[in-house]
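Q: I would like a close look at a single part of this chain. Please take it step by step, and then show how that part sits in the whole.

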Amino acid sequence: MRVIWGMILTLWSVLKSLSITFLYFWRRKVTVQYPEERIEHPPRFRASVDVDINKCIACGICQRVCPSKVIEIEAWRVKEGEKEVRKPRSFTLNLGRCMVCGLCAEYCPTEAIRMTQEYELSGYTREALVRRRS
Ligand code: SF4
Ligand code: SF4
């Protein structure tokens with residue numbers, strides 16, 4: 001009797017799982033054949049961070065608020081007409097450390113640093129994820 005009961009239970013679980021397979025078989029597909037096909041991301045999707053060096057005034061706010069120490073700025077003073085202004089001599093982003101929190105972009109007074117939708121950031125070395133802008 002126990003053997004027959006076991007067989008009934010096995011058959012029941014097989015039929016149950018097959019019914020789920022059958023149900024999903026007819027539904028609209030949600031996966032795509034990446035990288036040939038790519039899904040369109042919503043406008044607020046963020047995956048990485050980048051800086052427009054021409055807008056940057058090397059104030060250092062982004063560097064201070066970044067919790068992961070992603071940003072390193074070397075500043076210098078350059079002449080613009082009559083006055084001297086602070087500009088970044090080099091701006092380094094270590095994207096391997098970035099957790100895409102968006103704090104840097106939120107605090108930047110000139111909107112120089114911004115979140116981007118670039119999500120293909122894999123590399124064979126950590127150095128491959130370091131971006132230097134100068
Ligand atoms: S998004 Fe966050 S972790 Fe990434 S650089 Fe900006 S402040 Fe740092
Ligand atoms: S907060 Fe903006 S302007 Fe200031 S150093 Fe960072 S990127 Fe440049």
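Is Glu111 buried or exposed?

A: Glu111 is exposed. Its relative accessible area is 58%, and exposed means over 50%. Keep in mind that this is a predicted model.

Start with the place of this residue. Glu111 sits in the loop between α3 and β4. Its backbone has a feature to note. Phi of Glu111 is near 60°, a positive value in a residue other than glycine. Val100 has a positive phi too, near 55°. Val100 belongs to the loop between β3 and α3, and α3 covers residues 103-107.

Now step along to the strand. Strand β4 runs over residues 113-116, and Met115 is in it. Met115 counts as partly exposed because its relative accessibility is 22%. The cut-off for buried is under 20%. Which residues does Met115 touch? Leaving out residues up to four places away in sequence, the list is Arg46, Ser48, Val49, Val100, Gly102 and Ala105. So Val100, the loop residue with positive phi, is one of the contacts of Met115. Phe45 is 70 residues from Met115 along the chain, yet their C-alpha atoms are separated by 8.9 Å.

Next, look inside. The largest nonpolar core has 19 residues. Ile113 is among those with the most contacts inside it, along with Cys62, Ile71, Phe91 and Leu93. Three elements give two or more residues to this core: β1 (48-51), β2 (71-80) and β3 (83-94). There is a general pattern behind this. In soluble globular proteins, nonpolar side chains tend to be buried together.

Follow Ile71 for a moment. Ile71 touches Ile113, and also Cys62, Gln63, Cys66, Phe91, Thr92, Leu93 and Cys104, with residues up to four places away not counted. Thr92 is in strand β3. At 14% relative accessibility, Thr92 counts as buried. Under that sequence limit, its contacts are Val70, Ile71, Glu72, Val130, Arg131 and Arg132.

Now turn to another region. Helix α1 covers residues 2-25, and Leu11 is in it. Leu11 is exposed, with a relative accessible area of 54%. Leu11 and Thr31 are 20 residues apart along the chain, and their C-alpha atoms are separated by 31 Å. After α1 comes the loop that leads to β1, and Pro35 lies there. A cis peptide bond joins Tyr34 and Pro35, with omega about 5°.

Last, step back to the whole chain. The chain has 3 helices and 5 strands. Along the sequence, their order is α-β-α-β-β-α-β-β. The radius of gyration is 26 Å, well over the 14 Å that the globule rule gives for 134 residues, so the chain is more spread out than a compact globule. Along its principal axes, the C-alpha trace spans about 95 × 30 × 30 Å. Of the 134 residues, 24% count as buried. The chain exposes about 11000 Å², and carbon and sulfur atoms supply 57% of that area. Contacts also reach along the sequence. Among those between residues at least 6 apart, 68% join residues at least 24 apart.

Back to the part you asked about. Glu111 is an exposed residue in the loop between α3 and β4.

Terms used
Residues are numbered from 1 along each chain as its sequence is written. Chains are lettered from A and ligands numbered from 1 in the order in which they are written. This is a predicted model: local features need pLDDT of at least 70, side-chain atom pairs count only at pLDDT 80 or more; totals for chains, interfaces and linings use all residues. Side-chain values use heavy atoms; hydrogens and water are left out. A nonpolar core is a set of buried Ala, Val, Leu, Ile, Met, Phe, Trp, Tyr and Cys residues joined through side-chain atoms within 4.5 Å. Buried means under 20% relative accessible area, exposed over 50%, partly exposed in between (1.4 Å probe, protein chains only). Helices (H or I, at least four residues) and strands (E, at least two) are DSSP runs, numbered from the N terminus. Contact means heavy atoms within 4.5 Å. The radius of gyration is taken over C-alpha atoms; the globule rule is 2.2 Å times the number of residues to the power 0.38. Accessible areas come from the Shrake-Rupley method with a 1.4 Å probe; for residues, only the protein chains shown count as cover.
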